[in-house]
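Work through the exercises below with the model open. Each one sets a task and then solves it in steps.

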Amino acid sequence: MAALYDRYSSLVYSVALRVLGDTGAAEDALQDVFMQLWRNPGVFDSTRGSLGAWLAVIARNRAIDALRKRRPENDLEDVVISVEPEMAGEADRSRLAEKVRELLAIMPAPQRAALGMAYFEGLTHTEIAAKTGEPLGTIKTRIRAGLMALRKAFHK
């Protein structure tokens, strides 16, 4: 097992890292793949291909599974809306809420709907795409653009 690890661990790790983009998560996937091989070595069928290729496929699948477990909101970490105006009371809060309503009203309907489903209904990007029939990339772009517009309006 040590010889197999020495020979294939860099391959497994690089595949997982390419998919996940996170060293810690890639290390976890690496460990999972070799634990699977340790527990059940009979799963590998040498008549279907090489061990390296099989491990690469297993690593890719483990990494994709890990990605699916993550919440899609992680995609928007760099688009955080920082809206903390100095509020002296309820009147200020009311003006702030009115400004948000005005901005949402002038936003294109598909963008407004995507933001609403994400932040008021708590749907993931994938769930929004399935619900609307739009591609996942389109949904992500709409949400990002909507957040950017709100952010820009509050940082003038």
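**Exercise 1: the cores**

In this predicted model, the largest nonpolar core has 15 residues, and M107, L115, I128, I139, I143 and L150 touch the most other members. Find the helices that build this core, then look for a second one.

Step 1. List the helices that supply at least two residues each: α4 (90–106), α5 (109–119), α6 (125–132) and α7 (136–154).

Step 2. Pick the top contributor. This is α7, with 5 residues.

Step 3. Move to the second core. It is separate and has 13 residues, including L30, L51, L55 and A56.

Step 4. Return to I139 in the largest core. Skip its neighbours within four places in sequence. I139 is then in contact with H125, I128, A129, T132 and E134.

**Exercise 2: the salt bridges**

Locate each salt bridge and classify the exposure of its partners.

Step 1. Count them. The structure holds 2 salt bridges.

Step 2. Take D65 and R68. Their closest N and O atoms are 3.8 Å apart. That passes because the cut-off is 4 Å.

Step 3. Place this pair. Both residues lie in helix α3 (residues 51–69), 3 residues apart, about one turn of the helix.

Step 4. Classify this pair. D65 has a relative accessible area of 37%, so D65 is partly exposed. R68 has 66%, so R68 is exposed.

Step 5. Take R142 and E134. Here the closest N and O atoms are 3.8 Å apart. R142 is partly exposed at 22% relative accessible area. E134 is partly exposed at 31%.

**Exercise 3: S9**

Is S9 buried or exposed, and what does its side chain reach?

Step 1. Place S9. The residue is found in helix α1 (residues 2–20).

Step 2. Check accessibility. S9 has 14% relative accessibility, so S9 counts as buried. The cut-off for buried is under 20%.

Step 3. Follow the side chain. It reaches the backbone oxygen of Y5 at 2.8 Å.

Step 4. Leave aside neighbours within four places in sequence. S9 is in contact with L4, L30 and F34. Of these contacts, L30 is also listed in the second core.

**Exercise 4: K131**

Classify K131 and find what it touches.

Step 1. Place K131. The residue is found in helix α6.

Step 2. Check accessibility. K131 has a relative accessible area of 52%, so K131 is exposed. The cut-off for exposed is over 50%.

Step 3. Discount residues up to four places away in sequence. K131 touches M117, E121 and L123.

Step 4. Compare positions with M117. The two residues are 14 apart along the chain, and their C-alpha atoms are separated by 9.7 Å.

Definitions and conventions. Residues are numbered from 1 along each chain as its sequence is written. This is a predicted model: local features need pLDDT of at least 70, side-chain atom pairs count only at pLDDT 80 or more; totals for chains, interfaces and linings use all residues. Side-chain values use heavy atoms; hydrogens and water are left out. Helices (H or I, at least four residues) and strands (E, at least two) are DSSP runs, numbered from the N terminus. Buried means under 20% relative accessible area, exposed over 50%, partly exposed in between (1.4 Å probe, protein chains only). A polar contact is a pair of N or O atoms within 3.5 Å; within protein, one must be able to donate a hydrogen and the other to accept it, and residues adjacent in sequence count only if both atoms are side-chain atoms. Contact means heavy atoms within 4.5 Å. A nonpolar core is a set of buried Ala, Val, Leu, Ile, Met, Phe, Trp, Tyr and Cys residues joined through side-chain atoms within 4.5 Å. A salt bridge is a side-chain nitrogen of Lys or Arg within 4 Å of a carboxyl oxygen of Asp or Glu.
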